[in-house]
Amino acid sequence: MEIEVEFVKIWLKLSKDWHTQMEAELAPGLTAGQLQVLELLQAFEPMKPSELIPHLETTPAAVTTLLDRMERNGLVKRVRDAQDRRIVWVSMTDTGRAEVERGLKIRSEIVGRSLERLSAHNRQLLVYLIGKVAGTRESPADRNGGAEKDAADGEGAAEADVPERRSATA
């Protein structure tokens, strides 16, 4: 099996498993999508509904429906701008603040249960490598203009790029 195919199969299974666990453990007061909105509000509150769209990768209609449901459940409130009544600001309620904390704790526990199968070093390495795949980590080769290749030594090269290497086995 090609490595890309295997990676996709594993990634989809892990994502599905985490999503299923999240929905079960967040219920009945919250969904994974609602948690994502509350997380954004926690970081950037208040926000216009249109500002949520690029983060949620969805349509304006879907964001409106999501916010309607969240407002009915007391998680968010929408307030018209005092200077420009066309603008609506979305912010969290106290219930929303409590639910985002609960949701983040649940997500952390779910991910933690998966990661506890690995040693501390391999957890760090996994996060680093997924960051590289996602394009959020820079290797020494990237910093040196590509003079070095990450896979020069096979598996050992990836470990050499980890900023802090600890001795431990999985």
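Helices (H or I, at least four residues) and strands (E, at least two) are DSSP runs, numbered from the N terminus. With that in hand, we can place a proline. P46 lies in the loop between α2 and α3. The peptide bond that leads into P46 from E45 is cis, with omega near -10°.

Some ground rules come next. This is a predicted model, in which local features need pLDDT of at least 70 and side-chain atom pairs count only at pLDDT 80 or more, while totals for chains, interfaces and linings use all residues. Residues are numbered from 1 along each chain as its sequence is written, and side-chain values use heavy atoms, with hydrogens and water left out.

Now step back to the whole protein. How many helices and strands does the protein have? There are 8 helices and 2 strands. Along the sequence they follow the pattern α-α-α-α-β-β-α-α-α-α. The protein has 170 residues, and 26% of them are buried. Buried means under 20% relative accessible area, exposed means over 50%, and partly exposed lies in between (1.4 Å probe, protein chains only). The accessible surface comes to about 11,200 Å². Carbon and sulfur atoms account for 54% of that surface. Such areas come from the Shrake-Rupley method with a 1.4 Å probe; for residues, only the protein chains shown count as cover.

Contacts tell us how the chain folds back on itself. Contact means heavy atoms within 4.5 Å. Take the contacts between residues at least 6 apart in sequence: 51% of them join residues at least 24 apart.

Start the walk in the loop between α1 (3-26) and α2, where P28 sits. The peptide bond from A27 to P28 is cis, with omega near 0°.

Helix α2 follows, at residues 32-44, and helix α3 covers residues 49-56. Two packed helices are described by the angle between their axes and the distance between the axes. For α2 and α3 the angle is about 120°, and the axes are 11 Å apart. Axes are lines fitted to C-alpha atoms, for helices over the stretch in contact, and angles run from 0 to 180 degrees between N-to-C directions. Which residues meet here? From α2 come Q36, V37 and L40; from α3 come L52, H55 and L56. By type, the residues of this contact divide into 4 nonpolar, 2 polar and no charged. Here Ala, Val, Leu, Ile, Met, Phe, Trp, Tyr, Cys and Pro count as nonpolar, Asp, Glu, Lys and Arg as charged, and the others, Gly among them, as polar.

Stay in α2 for two more residues. Q34 lies in this helix. Is Q34 buried or exposed? At 2% relative accessibility, Q34 counts as buried. Setting aside neighbours within four places in sequence, Q34 is in contact with G29, L66, R69, M70, N73 and L75. L35 also lies in α2. L35 has 1% relative accessibility, so it counts as buried. With neighbours within four places again left out, the contacts of L35 are M22, L26, L30, V100, G103 and L104. The C-alpha atoms of L35 and E101 are separated by 9.4 Å, although the two are 66 residues apart along the chain.

Helix α3 has its own points of interest. P49 is in this helix, and at 23% relative accessibility it counts as partly exposed. P49 touches V63, L67, V88 and V90, not counting residues up to four places away in sequence. In the same helix contact described above, L52 meets α2. Beyond neighbours within four places, L52 is in contact with V37, L40, M47, V63 and L67.

Just past α3 comes E57, in the loop between α3 and α4 (60-72). E57 has a positive phi of about 50° although it is not a glycine. E57 is exposed, with a relative accessible area of 72%.

Finally, look inside. A nonpolar core is a set of buried Ala, Val, Leu, Ile, Met, Phe, Trp, Tyr and Cys residues joined through side-chain atoms within 4.5 Å. The largest one has 23 residues, and V37, L38, L52, L67, M70 and V76 touch the most other members. Two or more residues come from each of α1, α2, α3, α4, β2 (88-92) and α5 (94-115). Helix α2 gives the largest share, 6 residues.
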